[in-house]
Structures are given as C-alpha cells and as structure tokens.
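Labels such as buried or paired should be earned. The questions below ask what stands behind them.

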Amino acid sequence: MNLTREDVAEIVGLLDKSAFDELRLETDKFKLTLRRSGAGGWTQENETRATAPAGPVLAVAKEAAAALAPGTVAIRPPLMGTFYRAPKPGAAPFVEVGSAVEPDTAIGIVETMKLMNSVPAGARGIIESIAAQNGEFVEQDRVLMILRLTP
C-alpha cells in the first residue's frame, strides 16, 4: 500500500474534523499511531516492521546499499513523508554538498500528517551528495543524502 501526499492530507483533514482521539494505521512496512494532544495537534508513534516486503522497494534499497562507496553511509528518513531541505520556504537549506555535519546535525525535515520530523545526519562527516529534492515525497529508508565519514 502506498500513500500519496493527497491521501495523507485527506486523512489528517478527516481526523481534524472528527471526535476521534487516536488513529492506528498498519501496513506490511510500518505501524503508525496518531494521538490528539491537548493543544489540538497530533503526536505520533511509528514502528518499522522487521520483515520488509519483497519487491521493487526492497530491491531499490539493496541496490542503494550496494552502491555506497567505502567510507560512506546513506542518510535515510525514519518515516515516509514530504522531505524539506530548509526549515521554511525561502530559507537557506540545512546542509549543502560539502557541509560538515555531526551526528545530531539536522539535514532536513520530513513532514508526515502535519508533523515535522527532523532528520539527523546520524554520523560525523561531509555531505557528499544529495539524492532527494526539496518538497519531494519520500518513502521510509529512501536514500536522502550520502555522507562521507570523517574521524
């Protein structure tokens, strides 16, 4: 099951108009739980399934892992959603090719169901390439950037 950006927007719209306080969505790939917070927003919990489905998505992930050069790692989003390279429209991107990052440096944001989730670099290094475009819908575990590790 693949959700489009329009699907996610429709789900959030329905939740905002409903009296429900919780939504649980489970697929072969993930489990997502949204709970209404006291401030009128939503909090989320997500869990990646241990068994990844066979098929094109898995094949793409394996190809991407196999294509990594020694000393590099892929930075991947923790969940699917819309990837943003900057904190707000018109602002400078979090990082560019050649930027030095620490493990906790934010390299972008993934918006899922109106929730903004920071994506950390996860390791110390230099951004070698950027694979995802600003505003692009990305699947969980898709390669966003390649990081060349530094000591």
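Buried means under 20% relative accessible area, and exposed means over 50%. The model discussed here is predicted.

Q: Why is M113 called buried?
A: The relative accessible area of M113 is 5%. The cut-off for buried is under 20%. M113 therefore counts as buried.

Q: Why is K114 called exposed?
A: K114 has 57% relative accessibility. Exposed requires over 50%. K114 passes that cut-off, so the label is exposed.

Q: Where does M113 lie, and where does K114 lie?
A: M113 is in the loop between β7 and β8. K114 is in the loop between β7 and β8 as well. The hairpin has two residues between these strands.

Q: What makes the phi of M113 worth a remark?
A: Most residues other than glycine have a negative phi. M113 is not glycine, yet its phi is positive, near 50 degrees. K114 also has a positive phi, near 70 degrees, and is not glycine either.

Q: Why are β7 and β8 called paired?
A: Two strands pair if DSSP finds at least two bridges between them. β7 (residues 106–112) and β8 have six bridges, so they count as paired. The sense is antiparallel. One bridge joins G108 to V119 in β8.

Q: How do you know that the side chains of β8 alternate?
A: In β8 (residues 115–120), L115, N117 and V119 point to one face and are buried. M116, S118 and P120 point to the other face and are not buried. Such alternation is what a regular strand shows.

Q: What makes β9 and β11 a pair?
A: The cut-off is at least two bridges. β9 (residues 125–130) and β11 (residues 145–149) have five, so they qualify. Their pairing is antiparallel. I130 stands opposite M145 in β11.

Q: Why are β4 and β6 called edge strands?
A: Each pairs on one side only. They belong to an open sheet of four strands, in the order β4-β11-β9-β6, with antiparallel pairing. β4 spans 72–75 and β6 spans 100–101.

Q: What makes up the chain as a whole?
A: The chain has two helices and eleven strands. From the N terminus on, the elements run α-β-β-β-α-β-β-β-β-β-β-β-β.

Q: How many of the 151 residues, as a percentage, are buried?
A: Buried residues make up 31%. The accessible surface of the chain is about 8700 Å², and 57% of it belongs to carbon and sulfur atoms.

Key
Residues numbered from 1 in each chain as written. Predicted model: local features only at pLDDT ≥ 70, side-chain atom pairs only at ≥ 80, totals over all residues. Heavy atoms only, no water. Buried < 20%, exposed > 50% of the residue type's maximum accessible area, 1.4 Å probe, protein only. Areas by Shrake-Rupley, 256 points an atom, 1.4 Å probe, with all protein chains shown as cover.
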